[in-house]
Every structure is written in C-alpha cells, then in structure tokens.
Amino acid sequence: TAPLRRLQDRWVSACCLGETPAGLEGLSEAMAAGIRRANAVERAVIDLLEAVLLAGREGERFDAVVIDDGLLQLVHPAVRARLSDGTPPVGTQVSVRLESADPATRTVSFTL
C-alpha cells in the first residue's frame, strides 16, 4: 500500500501546484478500496498466526480481559479472540478455555 500512498501524495502535490492530474476524480474511492483490502489481508494474517500459535492447545485455560462486546485479549500469548458464550462487561478479567484453533479456517474459539 505504500506505493499507493505515494501516488496519492503526488496527486495532492500536483493540485497544490495548480495542476489537475488525470484520474483525480476517482482517487478517494481508489484509496479507500486499497485501505480496505490492506486491512483485510492484515487481519487474515493475524488470524492465521493466532490459530497456529494456539493449535494443539485445545482444552487449556488462558487468562484474558474482555476488551469489547464478546471480544477478548489473552494475557499470554498476545491473541485477540471472540468469546463463544456469555458476554462479561468490558474490562472484566476472565479465565477462558480454548475450544478450538483451526489454522485452515484461521479461527479460534474460547468459552468461559
């Protein structure tokens, strides 16, 4: 995505110099689409890494903190995951059980 950001900077600089580069009318949509794709790839890579780190540890318990509605942050390893059951208030420290970790689907599942 860095080359795309440089392109955006180039077009903005041209506008500041009084030029109107071709394709300017679609710049914001193109940049937004590129950012969405980059974010999706980054999240998929992180999801895969988390599933690989936890694969084979099903049944183990982990200390975690609820950081959003049904979303956990494990203390160790540094993994963010959804809670399959219950929704303690944000900020609650919990002990969760790893139900599944599947690198093929890039998913992990925890229960209280």
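Student: In what order do the 5 strands of the open sheet stand?

Tutor: This is a predicted model, and in it 5 strands come together as an open sheet whose pairing is antiparallel. The edge strands, each of which pairs on one side only, are E3 (80-82) and E5, and the twist from one strand to the next averages 50°. Read across the sheet, the order is E3-E2-E1-E4-E5.

Student: How many bridges join E1 to E2, and how many residues lie between them in the hairpin?

Tutor: E1 and E2 run antiparallel, and one of the facing pairs is alanine 64 with leucine 74 in E2. In the turn of this hairpin, glycine 70 has a positive phi of about 75°. The strands E1 and E2 are joined by 4 bridges, and the number of residues between them is 2.

Student: Which residue of E4 stands opposite arginine 61?

Tutor: E1 and E4 pair in the antiparallel sense over 5 bridges. Along E4, valine 96 is the bridge partner of phenylalanine 62, while the residue that stands opposite arginine 61 is arginine 97.

Student: How does the reach of helix H2 from its first C-alpha to its last stand beside the value expected at 1.5 Å a residue?

Tutor: Helix H2 covers residues 27-54, which is 28 residues. At 1.5 Å a residue the expected value is 40 Å, and the helix comes close to that, with a reach of 41 Å.

Student: Which strands does H2 lie across, and at what angle does H2 run to E5?

Tutor: Helix H2 lies across E1, E2, E3, E4 and E5. Among the residues of H2 that are buried are Leu27, Met31, Ala33 and Leu54, and just after the helix glycine 56 takes a positive phi of about 90°. As for direction, H2 runs to E5 at about 60°.

Student: Which element gives the largest share of the largest nonpolar core?

Tutor: The largest nonpolar core has 16 residues, and those that touch the most other members are Leu54, Leu72, Leu74, Val96, Val108 and Phe110. Two or more residues are given to this core by each of H2, E1 (61-68), E2 (71-74), E4 (93-102) and E5 (107-111). In soluble globular proteins, nonpolar side chains tend to be buried together. The largest share of this core, 4 residues, comes from E4.

Student: Is glutamate 50, which meets arginine 43 in a salt bridge, buried or exposed?

Tutor: The side chains of glutamate 50 and arginine 43 meet with N and O 3.3 Å apart. Arginine 43 has a relative accessible area of 26% and is therefore partly exposed. The value for glutamate 50 is 7%, and because the cut-off for a buried residue is under 20%, glutamate 50 counts as buried.

Student: How far apart are the N and O atoms in the salt bridge of arginine 97 and glutamate 99, and which residues form one network through shared partners?

Tutor: A search of the whole structure finds 4 salt bridges. In one of them, the side chains of arginine 97 and glutamate 99 meet at 2.8 Å, N to O. Salt bridges that share partners also build a network, and its residues are Arg43, Asp47 and Glu50.

Student: What is the distance between the closest N and O atoms of glutamate 60 and arginine 57?

Tutor: Glutamate 60 is partly exposed, with a relative accessible area of 33%, and arginine 57 also counts as partly exposed, at 28%. These two residues form a salt bridge, in which the closest N and O atoms are 3.0 Å apart.

Student: Is serine 109 buried or exposed?

Tutor: Serine 109 lies in strand E5. Leaving aside neighbours within four places in sequence, serine 109 is in contact with Ser84, Arg97, Leu98, Glu99 and Ser100. With a relative accessible area of 18%, serine 109 is buried.

Student: How many Å apart in space are proline 21 and valine 41?

Tutor: Proline 21 has its place in the loop between helix H1 (2-16) and H2, and with a relative accessible area of 16% this proline is buried. Apart from neighbours within four places in sequence, proline 21 is in contact with Trp11, Ala14 and Cys15. Proline 21 and valine 41 are 20 residues apart in sequence, and their C-alpha to C-alpha distance in space is 30 Å.

Technical notes: Residues numbered from 1 in each chain as written. Predicted model: local features only at pLDDT ≥ 70, side-chain atom pairs only at ≥ 80, totals over all residues. Heavy atoms only, no water. Expected span 1.5 Å × (residues − 1). Buried < 20%, exposed > 50% of the residue type's maximum accessible area, 1.4 Å probe, protein only. Core = buried A, V, L, I, M, F, W, Y, C linked by side-chain atoms within 4.5 Å. Contact = heavy atoms within 4.5 Å. Pairing = 2+ DSSP bridges. Axes fitted to C-alpha atoms, helices over the stretch in contact; angles between N-to-C directions.
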